[in-house]
Every structure is written in structure tokens, then in C-alpha cells.
Amino acid sequence: TPLYSSAASDVYKRQVFGKGQIAKLTDLVPSNTKILIAYGGGSIFKNGVYEQVKAALDTQFLANEVIEFGGIEPNPRFETLMKAVEIIRSEKIGFILAVGGGSVIDGVKFISAAVNFEGDASEILKKRLLFKDVSKVIPFGTVLTLPATGSEMNSGAVVTIEATQEKLTLGGSALFPVFSIVDPSVITSLPKRQLQNGVVDAFTHVLEQYITYPHDALLQDRIAEGILQTLIEIGPDVVENPRDYKLASNFVWSATMALNGLIQKGVPSDWATHMIGHELTALYEIDHARTLAIIGPNLYKVMFETKMDKLAQYGQRVWNIKGNSTEEIAEKAIEKTVEFYHKMGMKTKLSENTDNFENTADFIVNRFEDRGWKALGEKQNVTLEKVREIVEMSY
């Protein structure tokens, strides 16, 4: 069976993990089609990843069979991605290789979906479309350079429409990478800030799927708690010692497992923290992970009554908190979370991250109302008034 096919059952989805695995591109990319290499601001030229990718591809491709597209931004812009869409259409490219972090991979998912989309491609985002037919998208693989989002092993993506300052989503089963190469040793070249962001981003991804309400999926909770405990154990150290392969590999694998869909199966999930946080990034260009650290703890405070039992479980199992009541343990769990974010270099107030934020709550509430987002969270009880309270508490 060919590796690349229009039938979903014929496509092998592979996760290739470990040192030196970029060389396996030779066996993973198709040899009978033009390839577009997509990347971001150029860090892959500094950390040696570009050379490794090119060395692997040069063994089987002529120069005119590989086209490069750089400049995909953090929080990838719709306007930039459409330029790549036009290149793929005009050059009749049949495969995309995303080389970068979550933003590059998310951007490539949009590109993959947009190439054959009929009509205004911005509707993919505005209508949060799901793509399920692999024959309608361009297949793609990834070489991960910055762990955080789990985008290398899931089918979701977030893209910003710069013209309207909207950060919107797309996804669907057709947008899984055909393969992902994950070499933990590439994090050695990352700035400390990006490593901090990666740990907190992955940590919050787990919390969004975990701090909801008690349910019967006991193993899912234990797996989630294991990822949280691992990130707490290694997070501060991997920021200081990214060359330690034990730390690096456990960090990268935790980030992948946090959002590859495993811990979400059969359980409720929230995502209101992300939806509010996305607006802070769109408005103020605050790093995504830092918006989560600003919003998350305050969302737990505002929604305390409905999340208290799960917060207490989290406090007992993850932080080993003792207390005289469920309420006391849950409150301490929020405090420990904020302390961890501070330890990871996060500033957890909006006022510490930007100026002129006084009208932020009004802006976000009005935008959510315009989109019809009037009931968020695992119980659809995060109303617009609750959103306002959460954001104002975050000032």
C-alpha cells in the first residue's frame, strides 16, 4: 500500500521520536511529487535543523522539486498563509513539510485545507470548519522544533486574521500530519522564554481537559495527573538545562501527550481559558502561554463552585495538598498553580504584560457576543458576564 493516498485508511500516520531522526525524512516523504518546505522566522538556519532537513531531502530530490516558503509568524497570519496557498496552486505542489513549532504546523494545516477550498478561504476560520476527507487536502508532515502545542500529533490549528485581529480555529480528521519527526535535542537552541512558554502551554492544555467535574474515566485522570506531575518535576530544570536529554525528551513527550487527544477521550473539557487567552494575544501580542497563565487561575476562581471538586482532586493528587475541607484544598490548588507559573517565569496579571488594558473586558465580551459565543466551558455556564468577571479579575 502506498504511503500517500486519497483513502484515509491507506495513510500511515507515524510519530518518529528521538535523536538523529530527521535523517529518516528520506524514507518518509513521497518521491513522486513536488514538496513545499514551510518554516518561520529563520531559527532553523541557526540550530542546524535546516541543514539536516536539506541533507535528507537532497538524497532523492532535484533542486526544482523542493520549494521553500518562510516567514510564517508566531500566531500564524491568514494573510501570510494565503501566499503559500497560491504558490502550491501555481507550482502544483503535492506535499508540504512543516519545519518549526506549533505556529508553523498550525499554519500548514490551514494551507493544506485552503488549497482546494472553493470560495473565500477565510470562511474556513470564521465558520470553524472541520475537514474529514483526505482527498480534499494536501498531505503534510512535520519536523518539530519547539514543543508546546501538540500540533505535531493532533488535527487542530489556530490562525489569526490580521485584518480583523481575530484568532480562530480549524481542524478535522483529514488534518493530522502524515508523519511527525520529534528530536528532543533541538530544544538546546531555544531561548529561555520559549522553553518557559512551552512548559506552561502544555501544562494548561492538560488542565483544560482535567479541571472540569468528577467523572468515571479514572485512567484518563491518572494519565493527565502524570503529565502534570512530570511537567512540575522537570519544567524549571529543563529551562535551565535544555541540553540534558533526559529532561528534554520528557518535556517534549509531555507536550505531545498533553494535546494529542488521548486524555480528552471520554471526558468533558473546558477550553474557555484558551478562548479568552486568544483574544489577549490578538489584542496585545502577548505570548500565548502567558495569556493562559493570566486567565486560567482567575477562571478557576470565578467558576469555583462548579470546579471545586476537581480542583481539590488536582490539589491532593498532583500537589499533595492537605486540608480540612474540599474548599480549602481547592483554593490552595489554585495558589500552587499560580506559584508554579511564577516559578516558570510567567507574569500572571494583564497589567504586568501590557499597558492600556482598561477596556479589555468590554472588547472581549462584545466580540464573543458578535460571534454568538455566549456559553463556554464544560457545562456551558461560562456566560458573557462570567467572561467579563474573569478578565477584570485578571487586570
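1. Buried here means a relative accessible area under 20%, exposed means over 50%, and partly exposed covers what lies in between. With that in hand, 58% of the 395 residues of the protein count as buried. Keep in mind throughout that this is a predicted model.

2. On to the overall fold. I count along with the assignment here: the protein has 14 helices and eight strands. Its radius of gyration is 21 Å, close to the 21 Å that the globule rule gives for 395 residues, so the protein is as compact as a globular protein of that length. If you want a feel for the dimensions, the C-alpha trace spans about 70 × 45 × 40 Å along its principal axes.

3. How does the chain hold together in terms of sequence distance? Take the contacts with a separation of 6 or more: 76% of them are between residues 24 or more positions apart.

4. A word on the surface and the charges. The accessible surface of the protein is about 16300 Å², and carbon and sulfur atoms own 48% of that. As for charged side chains, there are 41 positive and 49 negative ones. The centres of those two sets lie 3 Å apart.

5. T291 is worth a look. You'll find T291 in helix α10, which runs over residues 288-302. Is T291 buried or exposed? T291 has 0% relative accessibility, and anything under 20% is called buried, so T291 counts as buried. Its side chain has polar company from the backbone: a polar atom of the T291 side chain lies 2.6 Å from the backbone oxygen of H288. The backbone oxygen of G277 is also there, 3.4 Å from a polar atom of the T291 side chain. Setting aside residues up to four places away in sequence, T291 touches G277, L280, T281 and I286.

6. Next, N75, which sits in the loop between β3 (66-69) and α3 (78-91). Being in a loop doesn't put N75 out in the open: its relative accessible area is 13%, which is under the 20% cut-off, so N75 is buried. Which side chain does the side chain of N75 meet in a polar contact of 2.9 Å? That partner is K167. Beyond residues up to four places away in sequence, N75 touches S103, T160, K167, T281 and E285. Note that T281 turns up in this list and among the residues that T291 touches.

7. E285, one of the residues that N75 touches, has a backbone oddity to check. Its phi is near 60 degrees, a positive value in a residue other than glycine. E285 belongs to the loop between α9 (272-284) and α10. With 46% relative accessibility, E285 falls between the 20% and 50% cut-offs and therefore counts as partly exposed.

8. N320 goes on the same checklist, since phi of N320 is near 55 degrees, again a positive value in a residue other than glycine. The residue lies in the loop between α11 (304-319) and α12 (326-343). Is N320 buried or exposed? Its relative accessibility is 58%, which is over 50%, so N320 counts as exposed.

9. G323 is found in that loop between α11 and α12 too. G323 is partly exposed, at a relative accessible area of 36%. Apart from neighbours within four places in sequence, G323 is in contact with E328 and I329. For a distance to check on screen, the C-alpha atoms of G323 and A312 are 9.5 Å apart, with their positions 11 residues apart in sequence.

10. V104 belongs to helix α4, residues 102-114. At 5% relative accessibility, V104 counts as buried. Which residues is V104 in contact with, leaving aside neighbours within four places in sequence? They are A38, Y39, G40, I72, A98 and V99. V365, on the other hand, is 261 residues away from V104 in sequence and 29 Å away in space, C-alpha to C-alpha.

11. Last one: D244, in the loop between α7 (218-240) and α8 (245-258). D244 has a relative accessible area of 33%, so D244 is partly exposed. The C-alpha atoms of D244 and T188 are separated by 8.7 Å, although the two residues are 56 apart along the chain.

How values were computed: Residues are numbered from 1 along each chain as its sequence is written. This is a predicted model: local features need pLDDT of at least 70, side-chain atom pairs count only at pLDDT 80 or more; totals for chains, interfaces and linings use all residues. Side-chain values use heavy atoms; hydrogens and water are left out. Helices (H or I, at least four residues) and strands (E, at least two) are DSSP runs, numbered from the N terminus. The radius of gyration is taken over C-alpha atoms; the globule rule is 2.2 Å times the number of residues to the power 0.38. Buried means under 20% relative accessible area, exposed over 50%, partly exposed in between (1.4 Å probe, protein chains only). Contact means heavy atoms within 4.5 Å. Accessible areas come from the Shrake-Rupley method with a 1.4 Å probe; for residues, only the protein chains shown count as cover. Lys and Arg count as positive and Asp and Glu as negative; His and the chain ends are not counted. The place of a charge is taken as NZ of Lys, CZ of Arg, CG of Asp or CD of Glu. A polar contact is a pair of N or O atoms within 3.5 Å; within protein, one must be able to donate a hydrogen and the other to accept it, and residues adjacent in sequence count only if both atoms are side-chain atoms.
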